[in-house]
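Colleague: I have some questions about the fold and its packing. Let us go through them one by one.
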Amino acid sequence: MPTRHLFPALADDFVFLENAGGSQVPACVADAIRHHLLRDCCQLGAGYPASDRATATVERAHRFMDRFVNGEGLGRVVLGSSSTSLLHVLAHAYAATIEPGDEVIVCEQGHEANIGCWTALEARGATIRWWRVDPATGSLSLDDLADLLSSRTRILAFAHVSNLLGEIVDVAAATRLAHEVGARVVVDGVAFAPHRAIDVAAWTCDFYAWSTYKVYGPHMGGLFGRFDAFAELRGPNHFFIPEDELPYKYELGGASHEGCAGLCGLAPLLGVLADHPAGVDLGADDCDRPTIEAAFEAMTALETPVQARLLDRLSAMPGVRIIGPGNADPDVRVATISFVHDRVDPATLVAAARDARVGIRHGHMYAHRLCTAMDIEPEPGVVRVSAVHYNEIAEADRVCDAIESTIR
Ligand SMILES: Cc1ncc(COP(=O)(O)O)c(C=O)c1O
């Protein structure tokens with residue numbers, strides 16, 4: 001079921017098509033944060049009523065996020081300020097375990113958040129190997145990955161979806177290959193998570209990061225890790241906190257309490273999308289896995305026609321080159337669509353969209369290495385139009401009209 005009415009920011013005439021940078025927030029998320037701050041804003045575990053409520057909120061958010069990624073019983077979700085910071089914490093924990101000869105595979109296609117923290121392990125004696133893209137398409141090959149893997153590989157880090165190309169990588173297949181040689185797999189799921197349900201149980205990857213502020217929630221990040229993978233590491237939190245006290249051992253200073261309240265506030269949104277009988281009254285503890293999956297299936301169904309319209313119109317414009325798959329199949333890509341024009345520069349096109357009251361952006365999107373590999377100047381980079389489930393075909397048409405008239 002459509003959910004535009006739940007997002008106050010969408011009531012305006014302005015069109016948000018910069019969702020890969022950050023999504024809008026439904027009122028239920030904002031209300032949950034406000035409620036927490038005005039009623040339950042205190043330290044956890046002190047034993048008085050407001051503290052008990054705050055403790056329950058933080059625990060509920062963690063349980064909900066474990067279910068959100070389908071990781072219940074397999075591992076825990078660590079919450080932090082961003083995916084970048086969580087991946088750095090993880091890489092730092094791995095740094096202490098690196099021995100000379102260990103190899104780390106990083107992927108040229110991804111956002112720098114899941115690259116730089118791993119290449120830094122070179123200073124600890126690791127050898128860095130690059131999973132390179134096809135320079136013409138930006139795509140990856142599993143055969144190339146198989147050639148890089150060996151018994152020396154400790155870690156494979158890559159993005160599930162490139163935040164520039166929108167292309168979906170086969171996480172299960174890449175994980176299978178890496179696990180055959182005993183490597184750990186760290187997936188950046190930031191550009192996937194706003195569009196499809198995360199399923200770490202099906203994919204069997206060891207770590208999976210995403211940004212909750214791109215999935216209709218507060219500005220935070222989540223990192224799922226499997227119990228057996230965490231067991232190889234020492235978490236960074238204080239020495240008197242036991243290693244098996246997950247996720248707290250990795251949550252320096254704890255997770256944002258009001259952010260946790262906001263995460264619980266996602267349940268009504270999912271309830272409406274999934275047509276759950278409780279609808280907007282659905283609580284986080286009652287938002288079960290089938291509801292989460294149904295909600296994301298509804299998002300995919302809402303987003304796919306908008307994705308098709310954007311691709312159809314943009315690819316038909318003279319001089320436009322889509323950077324990423326031209327195929328609108330939702331199994332191949334999400335609605336994060338980048339392009340360049342052979343004559344008009346990206347800044348001019350973004351300004352034309354802004355004048356038509358549409359927010360998009362241009363640049364390298366922190367996929368700096370991908371741009372270089374594809375021979376695209378990181379600045380001004382590409383123009384990126386990114387839709388999610390609440391965008392409409394009329395909005396796709398508005399941005400396309402603005403771009404088309406500028407190109408002419
Ligand atoms: C694919 C991808 N990975 C990682 C990040 C970084 O996320 P965060 O802002 O939570 O650190 C982004 C942000 O745009 C992204 O698109």
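Colleague: Is the crossing of α12 and α14 left-handed or right-handed?
Modeller: Bear in mind that this is a predicted model. The axes of α12 (residues 346–355) and α14 (residues 393–407) come within 9 Å. The hand of the α12 and α14 crossing is right-handed.

Colleague: Is α12 oblique or roughly parallel to α14?
Modeller: Their axes cross at roughly 130 degrees. Roughly antiparallel needs an angle over 145, and roughly perpendicular runs from 65 to 115. The crossing angle therefore makes α12, relative to α14, oblique.

Colleague: How many nonpolar residues does the contact of α12 with α14 have?
Modeller: From α12 come Thr348, Leu349, Ala352 and Ala353. From α14 come Val399, Ala402, Ile403 and Thr406. By class, no residue there is charged, two are polar, and the nonpolar count is six.

Colleague: Now α11. Is α11 roughly parallel or oblique to α14?
Modeller: Helix α11 covers residues 289–316, and its axis comes within 9 Å of that of α14. The two cross at roughly 20 degrees. Angles under 35 degrees count as roughly parallel. So α11 is, relative to α14, roughly parallel.

Colleague: Which residues in α14 does α11 meet?
Modeller: α11 passes α14 in a right-handed crossing. On the α11 side are Pro305, Val306, Arg309, Leu310, Arg313 and Leu314. The contact divides into seven nonpolar, no polar and two charged residues. In α14, the residues met are Ile393, Ala396 and Cys400.

Colleague: How far apart are the axes of α1 and α9?
Modeller: Helix α1 spans residues 27–39. It packs against α9 at an angle of about 140 degrees. The crossing is right-handed. The axes of α1 and α9 are apart by 7 Å.

Colleague: How many charged residues are in the contact of α1 with α9?
Modeller: α1 brings Val29, Ala32, Ile33, His35, His36 and Leu37. α9 brings His257, Glu258, Ala261, Gly262 and Cys264. Six of the residues in this contact are nonpolar and four are polar. The charged count is one, and by name that residue is Glu258.

Colleague: Turn to the domains. How far apart do the C-alpha centres of domain 1 and domain 2 lie?
Modeller: The domain assignment gives domain 1 as 4–25 + 301–407. Domain 2 is 28–271. Between the C-alpha centres of the two, the distance is 27 Å.

Colleague: Which element gives the largest share of the side of domain 1 that touches domain 2?
Modeller: The contact takes 29 residues from domain 1 and 31 residues from domain 2. On the domain 1 side, β10 (336–341), α13 (368–373) and β13 (382–386) each supply at least two residues. The largest share is four residues, and the element is α13.

Colleague: How many residues on that side of domain 1 are nonpolar?
Modeller: The residues of domain 1 that touch domain 2 include seven polar and five charged. The nonpolar ones number 17.

Colleague: What is the class make-up of the shell around the ligand?
Modeller: The surrounding residues are Ser82, Ser83, Thr84, His111, Ala113, Ala159, Asn163, Asp188, Val190, Ala191, Ser211 and Gly221. Asp188 is charged, and Ala113 is one of the nonpolar residues. By class, the shell has four nonpolar, seven polar and one charged.

Colleague: Where is Pro380 found?
Modeller: A cis peptide bond joins Glu379 and Pro380, with omega about 10 degrees. Another cis bond joins Leu246 and Pro247, where omega is about 5 degrees. Pro247 has its place in the loop between α8 (227–230) and α9 (257–264). Pro380 is in the loop between α13 and β13.

Colleague: What is the phi of Asn70?
Modeller: Asn70 sits in the loop between α2 (49–68) and β2 (75–80). Asn70 is not a glycine, although its phi is positive. The value is about 60 degrees.

Methods. Residues are numbered from 1 along each chain as its sequence is written. This is a predicted model: local features need pLDDT of at least 70, side-chain atom pairs count only at pLDDT 80 or more; totals for chains, interfaces and linings use all residues. Domain bounds come from an automatic or database domain assignment. Two residues are in contact if their C-beta atoms, placed from the backbone, lie within 7 Å. Axes are lines fitted to C-alpha atoms, for helices over the stretch in contact, and angles run from 0 to 180 degrees between N-to-C directions. A crossing is left-handed if the near helix is turned anticlockwise from the far one by less than a right angle, and right-handed if clockwise. A residue is near a molecule or strand if its C-beta atom, placed from the backbone, lies within 6 Å of it.
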